[in-house]
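User: I'd like a close look at one part of this model, namely how its helices pack against each other. Please explain the terms as you go, since I'm new to this.

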Amino acid sequence: MVEIAKTGITLRQLQILREVVRTGSERTAAKALDISQPAVSQQIKQLEGLLGLQLFVRDKGRLLPTAQTLTLFRDADATFIQMERIARTVASLKGTDSDTIAIAAPHVFSLHLLPQAIRKLRSRQPVTAIHIKSGNYREVADHVLEGRADLGLARLPLDENVFDWCPATTATNVCIFHPNHRFSQKDVIKPEDLVDEPLADIEPQLHSHQMNENALRYMGAEPRLAIQVDIIGQEISFVAAGLGITSSNTFAARQFASFPVEVRPFEPSALYHYVVFWQKGRRLGKLLQETVNVLIECAQDGSGESWVIERATI
């Protein structure tokens, strides 16, 4: 057992403490660590003896950590997360993959694309577990850069000094609304159509959404922001309930197929380039290469776009 700085405390004890805090149960922690429950109890008691304090309080069958325990947990958790990142980095340097992968993407792609891609991936490669990391585009990039995710799905621009990527698909602007909305009678939505319309929108840091709002301001009309959300994709629930309209792009809008909404092109439009990306210089093993291929296939599947995307070499 590796002892921490002559404290008498071992990494194994901290690993067990971490799992008990995370699960609230010695039995569940034992199962996760593949050891016996008595072994977990023994290590926790030894740790309490070394620290001279009680680590947990029992409440209705759950183990609740004390304030001192949470302080120790935060440091231990950060340590083990960093060790997991090092393990992934070593694996990438050796050109090998584990059978567990992590994918970072905005939440909206968990509605359709990611489940479709994971189902297809499992039919081709053995995968023990897949971890999904959500966030806005900046947070997705941070997940990959800081090693919390092996691959990311986002749109350009990305820093080419720290990331490599393969093109996945392109997209143009659309307007999304309830089927009973007056826009269902139109073929194309333009800025003047949005005047006085209640908008269900993402917080105004995303260019695809700012575009419509800025078009209104250019016309001298202030956008009517009825509902604002902080996660990409949340707005569709409010649109489906008839509480407003929203803007998106053709790729993101495909994730909303199961919602009762309609989609129309919005003009003028921008062109968005989506990519699958990873840390620059990382050697992708067979599993990650196949994951990249599957994500690109699913991104292009049913897009209905006429352009051809030239894939980069992995």
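Analyst:
**Helix packing, up close**

The protein has 10 helices and 11 strands (both are DSSP runs numbered from the N terminus: H or I over at least four residues for a helix, E over at least two for a strand). What you're looking at is a predicted model, where local features need pLDDT of at least 70 and side-chain atom pairs count only at pLDDT 80 or more, while totals for chains, interfaces and linings use all residues. Residues are numbered from 1 along each chain as its sequence is written, and side-chain values use heavy atoms, with hydrogens and water left out.

Start with the overall picture. Of the 314 residues, 45% count as buried (under 20% relative accessible area; over 50% is exposed, in between is partly exposed, with a 1.4 Å probe and protein chains only). Now take the contacts (heavy atoms within 4.5 Å) between residues with a separation of 6 or more: 74% of them join residues 24 or more positions apart.

On to the helices. Two packed helices are described by the angle between their axes and the distance between the axes.

Let's look at α5 and α10 together. Helix α5 covers residues 113-122, and its axis runs 9 Å from that of α10, at an angle of about 135° (axes are lines fitted to C-alpha atoms over the stretch in contact, and angles run from 0 to 180 degrees between N-to-C directions). α5 and α10 are therefore oblique to each other (under 35 degrees is roughly parallel, over 145 roughly antiparallel, 65 to 115 roughly perpendicular, and the rest oblique). Who does the touching? From α5 it's L113, L114, Q116, A117, K120 and L121, and from α10 it's L287, E290, T291, V294, L295, E297, C298 and A299. Sorted by class, this contact has 9 nonpolar, 2 polar and 3 charged residues (Ala, Val, Leu, Ile, Met, Phe, Trp, Tyr, Cys and Pro are nonpolar, Asp, Glu, Lys and Arg charged, and the others, Gly among them, polar).

Stay with α5 for a moment. Its buried residues are L113, L114, Q116, A117, I118 and L121. They pack against α10, but also against α9 (250-253) and the strands β3 (100-104), β4 (129-133) and β5.

From the α10 side, E290 is worth a stop. This residue sits in α10, which spans residues 286-300. With a relative accessible area of 16%, E290 is buried. Leaving out residues up to four places away in sequence, E290 touches L121, R124 and Q125. L121 is one of the α5 residues we just met in the contact with α10.

Now for α1 and α2. Helix α1 takes up residues 11-23 and helix α2 residues 26-33; they pack at about 125°, with axes 8 Å apart. That makes α1 oblique to α2. On the α1 side, R12, Q15, I16, E19, V20 and T23 do the meeting, and their partners in α2 are T28, A29, A32 and L33. This contact breaks down into 5 nonpolar, 3 polar and 2 charged residues.

K31 also belongs to α2. At 73% relative accessibility, K31 counts as exposed. Its C-alpha atom is 10.0 Å from that of E19, a residue 12 positions away along the chain. After α2 comes a loop leading to α3 (37-51), and D34 lies in this loop. D34 is exposed too, with a relative accessible area of 70%, and its phi is near 60°, a positive value in a residue other than glycine.

One more loop residue, with a helix just before it: D150 lies between α6 (137-145) and β5 (151-155). At 4% relative accessibility, D150 counts as buried. Its side chain makes a polar contact with the side chain of R282 at 3.1 Å (a pair of N or O atoms within 3.5 Å; within protein, one must be able to donate a hydrogen and the other to accept it, and residues adjacent in sequence count only if both atoms are side-chain atoms). The D150 side chain also reaches the backbone nitrogen of A102, at 2.8 Å.

On the far side of β5 you'll find P157, in the loop to β6 (163-177). The peptide bond from L156 to P157 is cis, with omega near 10°.
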